Amino acid sequence: MPVSLRTGKLNPSDSLTDYACIHREMAPSVVMRRTIGHFFGIMHHWSDSPSTMYIRTPRTPSNDFDAAHFKKALSQFATGVTVITTRLADGTLLGLTASSFNSVSLAPPLVLWSLSDRASSMPVFSENSHYVINILGAGQAALAEQFARKTGDRFAGVDFTLSRTGQPVLTGASAWFECHNRSRYPEGDHVIFVGEVEHCEVSPQAALIFHDGGFVQTAKLEK
Ligand SMILES: Cc1cc2nc3c(=O)[nH]c(=O)nc-3n(C[C@H](O)[C@H](O)[C@H](O)COP(=O)(O)O)c2cc1C
């Protein structure tokens, strides 16, 4: 497919939907400004740098890889490992292992993680006002496995305390973030949760890492 390099000016043949999608990473106000300009056929003078160029390539009709190949490729991205915990009003504890954690914003302090839409804990994490994200240390691989199991009591034999809002904080975690359940964004077969951090604690140590389908731990490189 030919790749057209374009200036920021609108092309009357672009569909509004495509345009909004291509610019989905822009602020909604920017998409709206450009969409309105398009609608009226105005040759807009963009507030962006006039030298800004966009690459526009049509989407491929289908992916040329299967899920196993996609997962293998993703597994090369080493992540930390968390256990995300919450509690029902009747005291029932919930928790699951998640490696999809990441930081989002410093001010306000925001983090994200994603939960499979098949997760049994989805209704609770969707409705509870708070949860705690526990970052596991290198010595906590067994906890990561325990909190990913489909059956059994995941909290059996687990040492924890309760946060201000009553969520389990796993003893020995290298850090933990008590989050207000700020927003949720369904995407594909997962829901992205954005949490606003109300409290966090740190206990620096070697980190548990998930890479290529297995657990490893961090070690400082020799200088
Ligand atoms: C290292 C590791 C990372 C995981 N990361 C996630 C994740 O980010 N999101 C997710 O939905 N499941 C993740 N899982 C799978 C869940 O822990 C597992 O499916 C769990 O059973 C879901 O719990 P639930 O069905 O009780 O909610 C991960 C599992 C492992 C072992």
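This text walks through the fold, from its strands and sheets to its core and the surroundings of its ligand.

The model is predicted; local features need pLDDT of at least 70, side-chain atom pairs count only at pLDDT 80 or more, and totals for chains, interfaces and linings use all residues. Residues are numbered from 1 along each chain as its sequence is written.

Start with the overall make-up. The protein has 5 helices and 14 strands. Helices here are DSSP runs of H or I with at least four residues, strands are runs of E with at least two, and both are numbered from the N terminus. Of the 223 residues, 19% are buried. Buried means that 20 or more other C-beta atoms lie within 10 Å of the residue's own; exposed means 12 or fewer, partly exposed is in between, and C-beta atoms are placed from the backbone. Among contacts with a separation of 6 or more, 64% join residues 24 or more positions apart. A contact requires C-beta atoms, placed from the backbone, within 7 Å.

Now the sheets. Strands of a sheet pair through backbone hydrogen bonds, either parallel or antiparallel. Two strands count as paired if DSSP finds at least two bridges between them. One open sheet holds 7 strands in the order 5-4-8-11-12-7-6, with antiparallel pairing. Strand 5 and strand 6 (102-105) stand at its edges with a single partner strand each, so one side of each is left without a neighbour in the sheet. The twist from one strand to the next averages 35 degrees. Axes for such angles are lines fitted to C-alpha atoms, for helices over the stretch in contact, and angles run from 0 to 180 degrees between N-to-C directions.

Strand 4 (residues 82-87) deserves a closer look. Strand 4 pairs with strand 5 in the antiparallel sense over 6 bridges, and valine 83 has threonine 97 as its bridge partner. The hairpin of these two strands has 5 residues between them, and glycine 91 takes a positive phi near 95 degrees there. Strand 4 also pairs with strand 8, antiparallel, over 4 bridges. Here isoleucine 84 is bridged to isoleucine 133. In strand 4, 6 of the 6 residues are buried, so the strand is largely enclosed by the rest of the structure. Thr82, Ile84 and Thr86 cover one side, while Val83, Thr85 and Arg87 lie on the other.

A second open sheet has 3 strands in the order 3-13-14, also with antiparallel pairing. Strand 3 (79-80) and strand 14 are its edges, each with a single partner strand, so one side of each has no neighbour in the sheet. Strand 13 (residues 208-211) and strand 14 (residues 214-217) pair over 4 bridges. They form a hairpin with 2 residues between them, and aspartate 212 in the turn has a positive phi of about 55 degrees. Phenylalanine 210 is bridged to phenylalanine 215, and histidine 211 to glycine 214.

Next, the interior. The largest nonpolar core has 23 residues, and Val83, Ile84 and Trp113 are among those with the most contacts inside it. Such a core is a set of buried Ala, Val, Leu, Ile, Met, Phe, Trp, Tyr and Cys residues joined through C-beta atoms within 7 Å. Strand 8 (130-135) gives the largest share, 4 residues.

Last, the ligand. Around it are 16 residues, and Ala98, Ser100, Ser116, Ala119 and Ser121 come nearest. A residue is near if its C-beta atom, placed from the backbone, lies within 6 Å. Strand 5 (93-98) and strand 7 (110-116) each supply at least two residues of this shell.

Conventions: Two residues are in contact if their C-beta atoms, placed from the backbone, lie within 7 Å.
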